[in-house]
Each structure stands twice: as structure tokens, then as C-alpha cells.
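Me: I am new to this structure and would like a close look at a single part of it. Could you walk me through that part in a friendly way?

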Amino acid sequence: MEEVLYHSTRSKGAAVRASEAILKGLAGDGGLFVPDHIPALDKSLSELADMTYRQTAYEVMKLYLTDFTEEELKSCIERAYDSKFDTEEIAPLREAGAPGSYYLELFHGATIAFKDMALSILPHLMITAAKKNQVKNEIVILTATSGDTGKAALAGFAGVEGTRIIVFYPKNGVSPIQEKQMVTQKGDNTLVVGIHGNFDDAQTGVKKLFSDKELAAEMDRKGFQFSSANSINIGRLVPQICYYVYAYARLLKRGAIEEGEQIDVVVPTGNFGNILAAYYAKHMGLPIHKLICASNENKVLYDFFRTGTYDRNREFVLTSSPSMDILISSNLERLIYHIAGNDPEKNRELMNGLSRDGVYEITAEMKGALKDFCGYYADEAETAEEIKRLYERDGYVIDPHTAVASRALQKYLQENGGASGEGPRTVIASTASPFKFTRSVMNAIDKKYDSMGDFELADELSRISGVKVPKALDEIRTAPVVHDKQCDTDRMEDVVRDFLKL
Ligand SMILES: *Cc1c(COP(=O)(O)O)cnc(C)c1O
């Protein structure tokens, strides 16, 4: 197998092996690691159709993580995709909304959001990578979260020897259940802090800490080094490619498509990690026609795909899909690098524009290279309508993030004449369980639910949907709050220093 090396989106210098890229998280120059080439699937689609999730994951991940041995990789996969998931299928498909549209349920893991798909394996990849590279330092995972990454990373890293994890979340920018999930996290190696700012502030603060050379040197002297569990880490991205391959293979297996038939994919997007994984899947040879990027009212990406200008200078809106309330989609940098013809200079120039002015414009040629994508968005009313539509049509309840994608698909079909059901089969990434956003979901179905408490709503949701209340929710009903720290965005470094006793 040809080795895949990783280098920064901002310079082609020092290429590193996969395990080093996972350990580092972010490249030294502030860029993101990208593979030097996108490997092609080396199993046929019909072979993949007979594989389990774990087998599929191995076939995809072995092509990217080329310095992991077969034994190492299989061991990571087996520990990750086990009974923490409440279904053998790991990521089941559910046809709903219209004939030929399939919801890929990525929320059957420990924290009932799609972040579990990657974060249940990342700690194992990281510990393996640390061993391979003779790392002696304790690894400090530093994470900014818009709600779901935080809990999924905490669940993955809590109690893992040789690691600590610090999570920053926007104090007023996550759902009550998301917050409760995080602040009840047990484990001496964990720290959860609410910041007085939004997700972009948290992410910018974390990136600043990562690139602080003095801090890194001091930490190294005390036996620590940072790494990232955010989707900028290639160890997050690669496991996310697997479920697109798996979804295609499942559709083939059940006879919904023929081998080689193209499908459309719709992804509710925030930091652009999930949809970028679908882009990589496509370029590995998976027959994907369009990548439909769905945004909520923070529709920076929608505007970008329409105009070629990325402009974060706008009002930040708090919506019912908080994990997509993002104006700086970090992983877009990887796509920009690729459509610039894998040109780090060009990419760096644009990223400098973004940090200086909050805006950049791509060239006409680059815009031409965006043909794989199109952008749609749904506002708050449309999102609620879509939840209600699916419930009334099929008795199927989706969360607000998935509803944004689902509504975006309706708009895409209207604009492209596919509403007849003759168009390609579609996979909609269903990124969270409705039980994580009970209030928005139940209010969308009927306003009468507004007077109920959060957990009462969960029981009612269970009753009307016929789905059991997930274990993840039951666990936090009575769990005590163990984290109550808050800080201003300019005090994040102090919080880190305190926790590590620097
Ligand atoms: C994180 C998240 C998203 C956005 O995914 P990105 O990879 O950041 O684009 C969408 N929905 C849910 C529920 C999430 O947790």
C-alpha cells in the first residue's frame, strides 16, 4: 500500500506520518494537516456490501493511517465500535420523508450525536500514536465545542491514562441537555469551562493556545503537550469517511441502488468536517453525485457556495441547531487548499485575509472546482416545519440539525426538478438524536409541550415516537454537577495553567 503523508495546508515543508499528524492535531504553522494524495478504495463496492461497520472502517482507515499496523488499527476499531453503540449496525439507515431518501443515523453512540462516530476511536488512535512515537509527555486534549464535540470527547478521554482533557463551551450557546451532559462529566483528568462568548471565540482562543510557542515549551518542561480532539484533527476526519462508504454499501446490499449508481449526500454543516469527509469519500471513488451543504441561519457557507466570497462579518445568530452556530468553518480550509490545486501559498493568502478582514474571495477557477458542492439553508420556521412534516408523514422524529439538512434537500429538489422522486437516491446525515434537543423538537410538533420540563419532554417524545429514551439521557437525569467554572475569553490561558499547575 502506498504511504500517505500529511503536510500543512499552509506550507509543503515537513511532511509527517499519520500518527504524528494525529498527535499534533494542528500543523506548526497554524495550518491543517492534509493527505498528500487521496487514496482510492481498493475493495469493490459489492465486496464492501457484505461487510460489517468495523470491517468497512478498517478498509477505509487503513488507506489513510498507513503507519498503523493492521493489528493496531483493528484493535482501535474493535474498542471503539462496540456495545457503547446501542445497535449492531452502528449507523443504521432509515427511509423517510420521501421515497428514496435515507436518514443515516449517526447518533447511536455514547453521547447520542454524530461526534461519537469519530471520538469513540480518537483516544485509541492517539494512545497508539503516542506509543509509536515514544511520546513521554502527558497529552492534554484542548477542545472548543459548540455543544456535541465536548461531551463526546469527554466520554472518549475520561479516565484514559496518559491524557487530560479541557473543554471550553459557550456558556449561553448550547442546549440545556448538552450543558448538563458536559458539566456532569466524571474523571479526574477532565475539566469543563463555560466561556463568556460564542463558539467562534472559544475556537479562536483554543487555536491561539495551540500556536503559543512559549506555552508549549513550558508545558514540555513540565511533561505535557497539547493535542486536539476538534475536527481539525485528521484522526477525527478519517473515521468520518467510513460511514459514507458504509451507507452506500448498505443501500447496495438492500437493492435500493445498483453498483456504481450515484447518490446525493446532504450534510447539516457547522465546522465543515462531516461534509469534508463525504468529499474525501467521493474522491476515493464512492459514487456520490452532489454534496449538499446545509446551513441554518448562520449561512456563511450558503453564501460562499453561491458567490465565491467567504464573509464572516455578520451577526451571529443563536438557533435551535446550536452545533451549527458557527461563522468560521475551520475545515473549509482543507477544501480551499484542494480547490486551489493543492497550493499552500494561495490558501495561506486567503486564510490571512480571513483572520485580518474576516473575508476572502476565491478565484473563478477555484469556483469552477466547487462543482461537487451546492449550498442550501433553512431558517428557524422552516426547520420546525420539517420536524413536524416528517413526524406527521412517517411518525419519524428528527432533531433540528437533521431537520435543517432535510429541509435543504427539499429546496434542492425544488430547484433542480428532482421532487418527482426520479432523481438520485439521497443520504441525509442525521447528526443528533432528537432526545438531545427535546424542547425544540417537541415545540415544533406541538406548542402545547412548551410548559413541560426537559426530562418530562423526553418521556413524552419517547411515547409519541415509540423510541426508548436513550441511556445517555437517563444517566444525566440525576447526575450531580461537577464542573461549574466559567471564564472570559481572554482568561482561557490562565484556566489551562491552573489546571496543569504550570
Ligand atoms: C457538530 C455537529 C454538526 C456540524 O458538523 P461539522 O462537522 O462541524 O460540520 C451538525 N450537527 C450536529 C448535531 C453536530 O453535533
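In what order do the three strands of the open sheet stand, and is the pairing parallel or antiparallel?

Reply: Happy to help! A word on the ground rules comes before the sheet. This is a predicted model, in which local features need pLDDT of at least 70 and side-chain atom pairs count only at pLDDT 80 or more, while totals for chains, interfaces and linings use all residues. Residues are numbered from 1 along each chain as its sequence is written, and side-chain values use heavy atoms, with hydrogens and water left out.

Now to your sheet. The order is E2-E1-E3, and the three strands of this open sheet pair in antiparallel fashion. Strands here (E, at least two residues) and helices (H or I, at least four residues) are DSSP runs, numbered from the N terminus. Two strands count as paired if DSSP finds at least two bridges between them. In general, strands of a sheet pair through backbone hydrogen bonds, either parallel or antiparallel.

At the edges you will find strand E2 (11-16) and strand E3 (33-35), each of which pairs on one side only. Neighbouring strands of the sheet are turned by 40 degrees against each other on average, direction ignored. For angles such as this one, axes are lines fitted to C-alpha atoms, for helices over the stretch in contact, and angles run from 0 to 180 degrees between N-to-C directions.

Look next at strand E1, residues 6-8: two bridges join E1 to E2, and these two strands run antiparallel. To see how they line up, find tyrosine 6, which stands opposite valine 16 in E2.

The sheet also has a helix packed on it: helix H14, residues 332-339, touches E1, E2 and E3. Contact here means heavy atoms within 4.5 Å. The direction of H14 makes about 50 degrees with that of E3.

If you then want to look beyond the sheet, try the salt bridges, of which the count comes to 35. A salt bridge is a side-chain nitrogen of Lys or Arg within 4 Å of a carboxyl oxygen of Asp or Glu. One of them joins glutamate 218 and arginine 497, at 3.1 Å from N to O. This pair links distant parts of the chain, with glutamate 218 in helix H10 (residues 213-221) and arginine 497 in helix H22 (residues 492-500), 279 residues apart. Glutamate 218 is buried, with a relative accessible area of 18%, whereas arginine 497 counts as partly exposed at 23%. Buried means under 20% relative accessible area, exposed over 50%, and partly exposed in between (1.4 Å probe, protein chains only).
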